[in-house]
Amino acid sequence: MDSSVVLGGAVCLGAFLALAIVVAVLSARRERRRREMLQYWAVRNQWQYQPRPQVEWWRRMPGRNRRGVTLALSGLVGGRPVSIAEYHYTTTSTTPGANGATSTTSSTHHYVLYVVRLPRSWPAVAVHRRGAMSRFGRTLFGDRATALGHEPFDSAYRISADRPELVRGMFGRDLVAEHVAGRLPEWTLHGDELMTYEAGRIADPAAIPARFAALVRIADLLES
């Protein structure tokens, strides 16, 4: 092989590695500044910032990564104790290539989760929007014991619960109506912790209190 080709390849590889290092350093600096911003906001607003909190929220998240909750901020919104946290998990896919070789690709998925703590413990309940498979299953097999008997809700949402016989007593008319109107997110309730989540990361800390509006509304309607 021509020595100039080898030299050119080595130069290209070196340039690529140098660029990768620069990108990694800049990314680490941005993340450090972002976390410092969150800490500063927490102090100014009398919230608590906690890295790597020892919580069980990961059990209700996609991927169920027990080390996935990387930070949490806790405070009060509307007089209710709340927490906002970041969570992630990684998926890996393998693609077959030529000559029996394979290539592996990893993707990290980031979420922001919101928790409102209620004054008392509740039976475990989860509300999810129906997808195509859930709607098809309902057509074939009918409703579960957790159905509310209100077609606009039951056709759009499914409820899972440890104690199905208690579900109808938990879902008042206003809670059902706001779900049907599309104003409320999916949510889960375990013990005294009401939780929802969305894809992404915490961006503007000043917007944190407003992000709890829908979940606080659910808490109010559960207790009404």
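A pocket, as the word is used here, is an open set of points on a 1 Å grid over the protein atoms alone, with protein on both sides within 12 Å along at least five of seven lines, and its lining residues have an atom within 4 Å of a point. The volume of a pocket is the space filled by probe spheres set on the points, which are joined across faces, edges and corners.

This is a predicted model, in which local features need pLDDT of at least 70 and side-chain atom pairs count only at pLDDT 80 or more, while totals for linings use all residues. Residues are numbered from 1 along each chain as its sequence is written, and side-chain values use heavy atoms, without hydrogens and water.

| Pocket | Volume | Nonpolar lining residues | Polar | Charged |
|---|---|---|---|---|
| Largest | about 230 Å³ | four | one | four |
| Second largest | about 160 Å³ | seven | one | two |

In these classes Ala, Val, Leu, Ile, Met, Phe, Trp, Tyr, Cys and Pro count as nonpolar, Asp, Glu, Lys and Arg as charged, and the others, Gly among them, as polar. The lining of the largest pocket includes Arg52, Trp58 and Val69, whereas Tyr114, Thr196 and Leu215 are among the residues that line the second largest pocket.

Strand β6 (residues 187–199) also holds Thr188, strands being DSSP runs of E with at least two residues, numbered from the N terminus. Thr188 counts as buried because its relative accessibility is 10%, and buried means under 20% relative accessible area with a 1.4 Å probe and protein chains only. The side chain of Thr188 makes a polar contact with that of Arg60 at 2.8 Å, such a contact being a pair of N or O atoms within 3.5 Å, one able to donate a hydrogen and the other to accept it.

Definitions and conventions: Helices (H or I, at least four residues) and strands (E, at least two) are DSSP runs, numbered from the N terminus. Buried means under 20% relative accessible area, exposed over 50%, partly exposed in between (1.4 Å probe, protein chains only). On a 1 Å grid over the protein atoms alone, a cavity is a set of points where a 1.4 Å probe fits but cannot get out, and a pocket is an open set with protein on both sides within 12 Å along at least five of seven lines; lining residues have an atom within 4 Å of a point.
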